[in-house]
Amino acid sequence: MRETTHRPAVIFGTSSDRIGTPRGRAYYVTFAKDLEPLLGIPVAPYVGVLYSEFDREFLVPVGATIRLGKQWSLLPTFDGHAFHPMVGYTRGRYSLTGILVRGRDPGLAVTVGF
């Protein structure tokens, strides 16, 4: 369900399980809301509930995108077990995101939008 000025987005989905799990899928529902149009602050928090096949339990992932200007963002996330801070840079349809998996193991993602 699309986000409106006063209603959060609601996303249902499935994906590979949490970062670091050797197998399994996750099934989730996530609620997300960009607070800038409503409150004037450049933050978009989310919270969800997911079922982890690997852990065989329900988890509550939370996080927020914090926009640090036009091209930079900070995304602190918690997947229900571990903290994974990310910082992103976007230019046009290209994005570069650095992540510290479990707050210590570095990673990098390159994204191209279509």
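This passage walks through the strands, the surface, a pocket and some loop residues of a predicted model.

A good place to begin is strand E5, which covers residues 62-67 and has several partners. Strand E3 (residues 43-52) runs antiparallel to E5, and five bridges join the two. One pair of facing residues here is Val43 and Ile66, the latter in E5. E5 also pairs with strand E7 (residues 77-78), again in the antiparallel sense, over two bridges. In this pairing, Val62 stands opposite Phe78 of E7. A further antiparallel partner is strand E6 (residues 72-75), joined to E5 by two bridges. Here Arg67 has Ser73 in E6 as its bridge partner.

E5 and E6 form a hairpin with four residues between the strands. Within that hairpin, Gly69 takes a positive phi near 105 degrees. As background for the backbone angles discussed further on, most residues other than glycine have a negative phi.

Attention now turns to the surface. Phe31, Val47, Val49, Phe58, Val60, Val62, Phe78 and Phe83 together make a nonpolar surface patch of about 680 Å². Two of these residues have already appeared, since Val62 and Phe78 are the facing pair of E5 and E7. Another member of the patch, Phe31, belongs to strand E2 (residues 25-32). How accessible is Phe31, and what does it count as? Its relative accessibility is 38%, so Phe31 counts as partly exposed. That class lies between buried, under 20%, and exposed, over 50%.

Empty space can be explored as well as the surface. In general, rolling a probe the size of a water molecule over the atoms shows where empty space is left. In this model the largest pocket holds about 380 Å³ of space. The lining of this pocket consists of 16 residues, and those nearest its centre are Ser15, Arg18, Leu50, Pro61 and Asp79. Strand E1 (9-16), E2, E3 and E7 are the elements that each give two or more residues to the lining. Which element gives the most to the lining? It is E2, with three residues. E2 is thus met twice, as it is also the strand in which Phe31 is found.

The loops offer some backbone angles to look at. Arg56 is a residue other than glycine, yet its phi is positive, near 55 degrees. This arginine sits in the loop between E3 and strand E4 (57-59), and with a relative accessibility of 70% Arg56 counts as exposed. Phe54 lies in that loop between E3 and E4 too. Is Phe54 buried or partly exposed? At 30% relative accessibility, Phe54 counts as partly exposed. From Phe54 to Thr97 the separation is 43 residues in sequence, and their C-alpha atoms are 26 Å apart in space.

A positive phi near 55 degrees is also found at Arg102, likewise a residue other than glycine. Arg102 lies in the loop between strand E9 (94-101) and E10, and its relative accessibility of 34% makes it count as partly exposed. Beyond this loop comes strand E10 (residues 105-112), where Asp105 lies. Asp105 has a relative accessibility of 34% and so counts as partly exposed. Along the chain, Asp105 and His84 are 21 residues apart, while 9.2 Å separates their C-alpha atoms.

Terms used. Residues numbered from 1 in each chain as written. Predicted model: local features only at pLDDT ≥ 70, side-chain atom pairs only at ≥ 80, totals over all residues. Heavy atoms only, no water. Patch = residues over 30% accessible without salt bridge, like charges linked within 9 Å, V, L, I, M, F, W, Y side chains within 5 Å. Areas by Shrake-Rupley, 256 points an atom, 1.4 Å probe, with all protein chains shown as cover. Salt bridge = Lys/Arg side-chain N within 4 Å of Asp/Glu carboxyl O. Buried < 20%, exposed > 50% of the residue type's maximum accessible area, 1.4 Å probe, protein only. Pairing = 2+ DSSP bridges. 1 Å grid on protein atoms, 1.4 Å probe; cavity = no way out; pocket = protein on both sides within 12 Å on 5 of 7 lines; lining within 4 Å. Points joined across faces, edges and corners; volume = space filled by probe spheres on them.
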